[in-house]
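Trainee: Could you walk me through this assembly, starting from wherever you think the contact between chains is easiest to see?

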Protein chains: 4
Amino acid sequence: MPERRVGLWLIGALGGVGSTTALGLAALRRGLTDTTGLVTALPQFSGLDLDEPSAIVVGGHDVRRGSLADSVATLARRIGAFDATVVEACRADLEEWGENLRPGAVLNGGDAIAALADGPNRPQPSSPRAAIDLLQNDIRSFRERHRLAQVVVMNVASTEPAADHRPEHASLERLQPALASDRGILADSSIYAYAALDLGYPYVNFTPSPGASLPALIELAEHRGVPTVGQDGKTGETLVKTVLAPMFARRNLRVLSWVGHNILGNLDGRVLSDPRNKESKVRSKDQVIGQIVGYPLQTHTSIEYVESLDDWKTAWDHVHFQGFLGVRMSMQFTWQGCDSALAAPLIVDLARLTLLAQRRGEAGILQHLACFFKSPLGVAAHDFFQQFELLESYLRSARNST
Amino acid sequence: MPERRVGLWLIGALGGVGSTTALGLAALRRGLTDTTGLVTALPQFSGLDLDEPSAIVVGGHDVRRGSLADSVATLARRIGAFDATVVEACRADLEEWGENLRPGAVLNGGDAIAALADGPNRPQPSSPRAAIDLLQNDIRSFRERHRLAQVVVMNVASTEPAADHRPEHASLERLQPALASDRGILADSSIYAYAALDLGYPYVNFTPSPGASLPALIELAEHRGVPTVGQDGKTGETLVKTVLAPMFARRNLRVLSWVGHNILGNLDGRVLSDPRNKESKVRSKDQVIGQIVGYPLQTHTSIEYVESLDDWKTAWDHVHFQGFLGVRMSMQFTWQGCDSALAAPLIVDLARLTLLAQRRGEAGILQHLACFFKSPLGVAAHDFFQQFELLESYLRSARNST
Amino acid sequence: MPERRVGLWLIGALGGVGSTTALGLAALRRGLTDTTGLVTALPQFSGLDLDEPSAIVVGGHDVRRGSLADSVATLARRIGAFDATVVEACRADLEEWGENLRPGAVLNGGDAIAALADGPNRPQPSSPRAAIDLLQNDIRSFRERHRLAQVVVMNVASTEPAADHRPEHASLERLQPALASDRGILADSSIYAYAALDLGYPYVNFTPSPGASLPALIELAEHRGVPTVGQDGKTGETLVKTVLAPMFARRNLRVLSWVGHNILGNLDGRVLSDPRNKESKVRSKDQVIGQIVGYPLQTHTSIEYVESLDDWKTAWDHVHFQGFLGVRMSMQFTWQGCDSALAAPLIVDLARLTLLAQRRGEAGILQHLACFFKSPLGVAAHDFFQQFELLESYLRSARNST
Amino acid sequence: MPERRVGLWLIGALGGVGSTTALGLAALRRGLTDTTGLVTALPQFSGLDLDEPSAIVVGGHDVRRGSLADSVATLARRIGAFDATVVEACRADLEEWGENLRPGAVLNGGDAIAALADGPNRPQPSSPRAAIDLLQNDIRSFRERHRLAQVVVMNVASTEPAADHRPEHASLERLQPALASDRGILADSSIYAYAALDLGYPYVNFTPSPGASLPALIELAEHRGVPTVGQDGKTGETLVKTVLAPMFARRNLRVLSWVGHNILGNLDGRVLSDPRNKESKVRSKDQVIGQIVGYPLQTHTSIEYVESLDDWKTAWDHVHFQGFLGVRMSMQFTWQGCDSALAAPLIVDLARLTLLAQRRGEAGILQHLACFFKSPLGVAAHDFFQQFELLESYLRSARNST
């Protein structure tokens with residue numbers, strides 16, 4: 001293990017994405033898997049001073065009680081796609097990292113998430129401010145205990161209901177007083193984001209929950225000089241959409257309608273079967289086509305919980321389009337992906353890239369990471385290739401500035 | 001109609017692509033259809049001195065006897081997707097242009113193509129040299145008759161069998177003597193290409209036939225100062241492949257196998273059901289994935305003639321890929337496109353762009369048009385977005401130089 | 001035209017199914033199309049005394065004002081799949097039949113249907129009883145005017161919202177008094193059903209609306225000695241489901257989940273985009289799998305209105321199943337059908353078979369026609385092959401009894 | 001374990017189907033899996049005197065050297081779908097049964113199969129007659145050693161090339177003399193079939209290889225009073241075809257073309273990548289549609305070896321059909337099945353049903369088992385539901401005769 005070590009603090013560490021990330025980091029460290037799926041392992045990233053995956057120590061919050069090693073073992077059994085010998089060989093690491101988990105705080109996560117929070121001794125912070133103190137204490141002591149050079153906080157928890165817009169969200173000055181007095185002023189994801197940024201730790205939102213997206217929190221990131229990025233990891237069906245839609249646009253083929261149906265059976269899916277939680281997810285998935293093609297069109301996106309599929313998210317998209325002389329044609333695709341295995345390497349990528357950005361003195365929204373997200377903060381473009389060009393242009397300048 | 005007029009000489013004018021192109025140009029001229037499907041109608045092409053579609057006069061060669069207006073009417077009935085009133089309203093233009101068709105010459109097109117050449121009074125040139133003279137005479141007199149400022153020659157005929165490699169193809173100096181004496185020295189498509197380039201007319205090869213791809217012919221283009229480009233128009237399944245494969249590459253997802261099955265029932269499909277003609281098409285379609293992802297993998301591409309589908313080419317692709325921690329996933333797509341309606345606007349685009357290039361003094365291979373072709377001459381990249389960037393970069397410089 | 005003529009009275013005559021049925025009957029009468037799609041044209045129906053399609057005269061109710069010939073012409077343009085010369089050649093028949101259309105009555109059809117009823121001079125019956133009188137008058141005078149031996153009434157209107165259960169529905173005795181006094185006692189489809197059965201005319205419900213399914217109306221059918229059958233024509237996705245599910249059952253493969261997504265853009269789809277109207281449709285489509293396999297499982301069916309698809313209903317089904325040794329596998333299908341063209345020949349079949357049944361003295365529910373319906377009245381089996389065996393067994397006995 | 005025991009002799013025991021069958025029988029015996037996938041576990045089979053799966057002892061021939069337990073472990077790793085604890089718990093049974101394997105004899109299996117036969121001490125019989133003696137000796141001693149009441153011989157080996165038609169195949173009288181003198185008189189599968197039937201043991205051909213299909217061998221079965229049945233197990237894509245095609249037929253929808261593309265990566269697939277072996281498989285898969293719909297139509301079936309898919313056979317079928325008024329529509333399906341897990345339970349079913357038939361005194365072809373096969377011997381019908389009715393009618397009469 002290298003001298004310099006960094007921390008990855010996962011909010012929702014026991015979920016599918018969190019568990020798979022931990023397993024993957026352990027497997028990489030032990031040389032039991034290769035870097036397939038890691039964007040930062042592509043040749044164009046060589047020469048950058050990125051942290052090695054083996055330098056990453058895992059910790060995190062989870063509202064559920066449970067052992068990280070057991071979560072991974074259960075997930076492995078359900079998914080049926082990890083190598084059993086790898087899971088076994090990584091057990092010791094996972095048990096060690098499992099010691100770093102803390103229960104966190106549930107104030108306003110919505111009923112579906114509250115139902116997961118099962119422990120009797122769970123902390124009951126009296127206000128958002130008290131919750132922030134508690135969370136900061138957890139993360140700071142993780143850093144100190146492991147002598148970590150940096151820590152990045154990553155939201156991989158289940159989707160929250162769409163949050164209310166509140167005038168206090170507009171600026172840090174208006175938000176801060178409310179933290180002590182108004183229990184419902186922030187969604188839980190934003191409380192965690194506040195805790196991280198206020199500590200000076202980068203915050204990444206891999207979910208469609210509000211997180212750091214409020215103006216007040218972006219102000220906080222800039223004020224503290226900390227990078228932040230989000231939101232809603234682009235792992236499967238939406239990734240394909242943002243790759244195909246530019247093709248239609250550049251060929252001047254007119255998309256008449258684009259329908260996408262997603263079915264999945266993991267916890268994410270279960271939480272999304274609550275209509276309020278689903279709403280923010282569908283909105284995040286459904287907006288991309290119109291932005292890319294540049295004209296209004298009928299789109300429809302559904303997500304349904306189908307228990308038997310577990311983590312294997314299956315999506316069917318139907319694209320109806322018009323070509324020359326008014327001829328109507330269609331394209332369909334089916335995506336059958338293991339959600340956790342698609343997301344986990346991107347978590348590692350985002351950890352490496354935000355930690356690098358912090359060392360490079362970047363603060364506020366990291367626009368060059370837009371290609372990782374369904375609803376990239378601060379970037380209007382959804383076209384994956386335009387977004388990837390932002391990343392490559394950053395890489396060129398980062399290499400030049402070294 | 002504008003003062004300045006240009007000619008589009010279609011080799012295989014009575015085929016689906018040729019007929020649809022003629023119908024489309026007539027419909028555009030009469031304001032009966034919009035520019036959907038024309039790449040050159042995108043905003044980024046504005047400000048360039050492109051010929052208006054209404055300035056294009058159509059002529060061409062076809063081995064079959066037949067009327068252009070009847071070919072369009074038959075195609076419209078078979079495809080069932082053109083507006084009947086548009087077809088009717090364009091009949092007069094098509095009849096007029098039909099007067100510009102000539103039988104051309106068949107020397108070495110393969111049995112499947114020879115079977116189409118049904119006329120008794122067909123010219124029987126004694127040598128490639130004699131054929132070239134005959135073809136040049138046809139095209140030159142078309143230009144003179146219509147007082148055309150420029151003429152572009154476009155190969156939209158059915159796919160020929162793969163041609164033999166001959167040492168004489170290596171240079172113009174070695175090729176020229178053989179034209180008089182060696183009947184089999186050039187595939188028919190190359191004879192047409194020679195005729196065009198030697199006349200000083202741009203030549204575009206929309207098919208996988210050899211055309212102008214031989215070193216001797218590229219030398220001829222450069223020598224005469226004429227632009228040429230090809231080959232094999234990228235209209236459907238391969239277009240999608242070259243859009244999706246970059247996604248897998250940029251996400252570092254390892255493609256394990258990529259299988260593509262195409263079924264279609266038009267003349268193109270019938271000619272391709274001869275294994276010798278099919279070979280060059282499949283080769284053109286099958287190479288792209290490995291080039292884009294940068295490692296060898298198992299690919300398989302088939303094209304089968306299924307009569308009932310007619311011009312509606314349907315393709316199913318299955319992509320098997322591996323992600324993080326060795327997890328294997330899959331993606332499938334089905335493409336249901338009307339081949340002629342996809343190809344025709346690209347013919348108009350290529351005519352406009354090569355005529356512009358000629359006016360700008362460009363000669364030899366036009367690399368910036370790679371995004372239109374499955375096997376772009378002179379460009380290694382198959383990634384559609386890299387190819388499109390070549391075009392956009394050309395547009396920027398063309399605009400600056402105006 | 002044969003001496004003996006019969007009437008087909010279509011409720012919702014101007015809709016896609018009604019219009020296509022009329023066009024098809026005209027085309028058959030004129031020898032312009034063949035009997036593809038007609039079940040009653042199969043060899044096993046020969047020897048039965050069925051009415052020739054050419055003996056059928058069309059009339060009907062529709063809440064919309066409009067000409068039948070124009071409805072057909074518009075539909076033909078939107079669908080793009082009928083032969084234009086056939087549509088033209090049948091225009092005279094359609095205009096003639098169009099004279100037989102009457103506005104009908106709207107009492108309780110739901111907002112989505114009421115919105116279609118656009119005429120100012122529309123009859124406003126004061127009670128269900130008054131509506132029945134009006135409808136009976138329309139149908140009876142159609143019969144008399146054309147000297148028809150029999151008339152069958154067929155509901156091909158858009159789907160109504162699910163109706164309230166009312167104690168008066170339990171028997172004819174309890175229902176009859178309410179007809180005069182309680183405006184909301186019956187859904188509109190049941191008012192039409194009452195009118196038909198009470199007149200002694202067979203009533204067929206091709207929709208999921210309540211129609212004749214209430215005990216009181218079945219009692220009426222039996223009392224008047226009239227056959228009735230329904231409901232909700234099985235034309236596409238559900239047909240395939242009831243063919244595939246028996247395969248899984250007979251191979252003892254355990255279906256874990258079955259998801260079906262339907263998208264369509266015709267009026268039916270528009271009416272279904274009102275959640276109350278959709279509910280009865282989805283319920284009809286979603287129940288079949290569990291009944292066939294014989295155990296509870298997770299199913300999900302959606303129907304979404306996607307305007308650009310018009311009458312081309314496209315469905316994607318995903319079947320997740322378990323085989324030997326717990327291995328999980330999947331099957332998907334996509335169905336791309338023209339709804340009206342699938343339904344229309346079944347309307348002709350049902351007309352011929354119910355008219356025959358009436359002549360054979362059959363009354364009440366015709367169970368042998370279950371294979372035509374998603375929710376067959378009086379038959380529990382959804383397995384298409386079991387249902388077809390009911391029909392074949394009826395044919396054998398009908399032939400023997402002749 | 002019950003008193004009475006029977007033997008299942010697998011030709012090709014180390015292949016995917018043979019290995020999975022052995023694993024499944026061990027797992028059933030130990031109560032570690034349920035009977036999902038076994039047709040004979042359906043309610044309609046109760047009351048028949050079928051052998052319990054736990055009474056079946058496994059033995060077999062395989063041209064490869066190797067351990068049955070290792071074959072199963074390797075297959076389990078490759079397929080990734082069996083429960084690891086089940087595989088482990090069954091290891092002792094598989095090792096015990098592995099002792100019953102014998103190398104068999106390779107005379108005329110084709111190059112692809114010969115390449116598998118790797119052992120140096122392999123028996124080299126000098127003639128078909130000598131091979132038959134050797135095989136019979138192996139099977140007989142298996143029966144004696146384990147004191148088995150009956151033994152059924154099942155061909156689950158890879159597909160052979162199509163065999164030559166020889167006049168000696170026409171009758172037993174003509175065949176017998178040639179066995180001693182003509183090395184190439186019979187395909188290997190027919191040599192095994194001869195050995196089994198001549199011993200008085202039922203023979204089942206789960207492959208498209210010739211096996212017992214020759215008139216001379218059927219005569220032998222009848223002469224010895226032994227049942228036989230085949231051929232080519234109907235497990236996946238063809239099963240679906242024979243379920244869907246009857247739907248089109250009974251709805252009088254005209255199938256215009258039916259294309260099926262299969263991709264798979266197991267040994268079966270590798271052997272089939274030899275065009276001579278593939279030919280018999282494709283023929284078996286391709287004939288069914290025309291027979292069911294009753295008119296000629298264009299069909300195309302392909303099987304391609306795609307290594308990465310291993311045992312997960314994936315098929316895409318495209319059905320183009322015509323409905324009322326000439327409207328053309330389409331249906332597609334994708335089948336993603338684990339070939340071995342689909343086939344293995346049918347092997348158990350066929351063993352139970354042929355052993356029962358032998359006890360009931362049935363000899364020659366067992367027509368009631370047609371539903372298990374792509375090319376059922378002695379039955380013209382390919383319609384799965386007609387075939388299943390044959391089985392149900394047999395069950396009724398078998399129950400009555402008990």
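**Across the interface**

Mentor: In strand E10 of chain B, Gln336(B) is the bridge partner of Ser330(A). This is a predicted model, in which local features need pLDDT of at least 70 and side-chain atom pairs count only at pLDDT 80 or more, while totals for chains, interfaces and linings use all residues. Residues are numbered from 1 along each chain as its sequence is written, chains are lettered from A and ligands numbered from 1 in the order in which they are written, and side-chain values use heavy atoms, with hydrogens and water left out.

Trainee: How many bridges join E10(A) to E10 of chain B, and do they run parallel or antiparallel?

Mentor: Seven bridges join E10(A) to strand E10 (residues 328-338) of chain B, and the two run antiparallel. Strands here (E, at least two residues) and helices (H or I, at least four) are DSSP runs numbered from the N terminus, and two strands pair if DSSP finds at least two bridges between them.

Trainee: How many residues of chain A are in contact with chain B?

Mentor: In chain A, 60 residues are in contact with 60 residues of chain B, where contact means heavy atoms within 4.5 Å. Between them, chain A and chain B bury about 4800 Å², with 69% of it on carbon and sulfur atoms; buried area is the accessible area (1.4 Å probe) that two parts lose on being put together, summed over both.

Trainee: Which three residues of chain A supply more of that area than any other three?

Mentor: Those are Arg251(A), Phe324(A) and Leu325(A), which supply 20% of the area that chain A buries against chain B.

Trainee: And what is the count of salt bridges between chain A and chain B?

Mentor: The count is zero between chain A and chain B, taking a salt bridge as a side-chain nitrogen of Lys or Arg within 4 Å of a carboxyl oxygen of Asp or Glu. For polar contact, the rule finds 16 residue pairs across the interface of chain A and chain B, both residues at pLDDT 80 or more. A polar contact is a pair of N or O atoms within 3.5 Å; within protein, one must be able to donate a hydrogen and the other to accept it, and residues adjacent in sequence count only if both atoms are side-chain atoms.

Trainee: Which elements give two or more residues to the side of chain A that touches chain B?

Mentor: In chain A they are helix H1 (16-29), helix H10 (237-250), strand E9 (312-322), strand E10 (328-338), helix H14 (339-359) and helix H15 (384-401). E10(A) gives the most to that side, with eleven residues. By class, the side of chain A that touches chain B has 38 nonpolar, 16 polar and six charged residues; Ala, Val, Leu, Ile, Met, Phe, Trp, Tyr, Cys and Pro count as nonpolar, Asp, Glu, Lys and Arg as charged, and the others, Gly among them, as polar.

Trainee: What turn lays chain A on chain B?

Mentor: A turn of 180 degrees with a shift of 0.0 Å along the axis lays chain A on chain B with an RMSD of 0.0 Å, the copies being superposed by least squares on the C-alpha atoms of residues with pLDDT of at least 70 in both. In chain A, the C-alpha nearest the axis belongs to Phe333(A), 2.0 Å from it. The copies meet through the same surface, because 100% of the interface residues of chain A are also interface residues in chain B.

Trainee: Switching to the other two chains, what rotation superposes chain C on chain D?

Mentor: Chain C is superposed on chain D by a rotation of 180 degrees with 0.0 Å of shift along its axis (RMSD 0.0 Å). That is the relation of a two-fold axis. Phe333(C) has the C-alpha nearest the axis in chain C, 2.0 Å from it.

Trainee: What is the bridge partner of Phe333(C) in E10(D)?

Mentor: The partner is Phe333(D), and E10(C) pairs with strand E10 (residues 328-338) of chain D in the antiparallel sense over seven bridges.

Trainee: Away from the interfaces, what is the strand order of the open sheet in chain C?

Mentor: The open sheet of seven strands in chain C has the order E3-E2-E1-E4-E5-E6-E11, with parallel pairing. Its edge strands, each pairing on one side only, are strand E3 (101-102) and strand E11 (364-365) of chain C. Within chain C, strand E4 (residues 150-155) and strand E5 (residues 203-205) pair in the parallel sense over three bridges, and Val153(C) stands opposite Tyr203(C) in E5(C).

Trainee: Back to salt bridges, how many does the structure hold over all chains?

Mentor: Over all chains the structure holds 76 salt bridges. Among them, Arg91(A) forms one with Glu95(A), with the closest N and O atoms 2.9 Å apart. Arg91(A) and Glu95(A) are separated by about one helical turn, because they are four residues apart in helix H4 (residues 91-98) of chain A.
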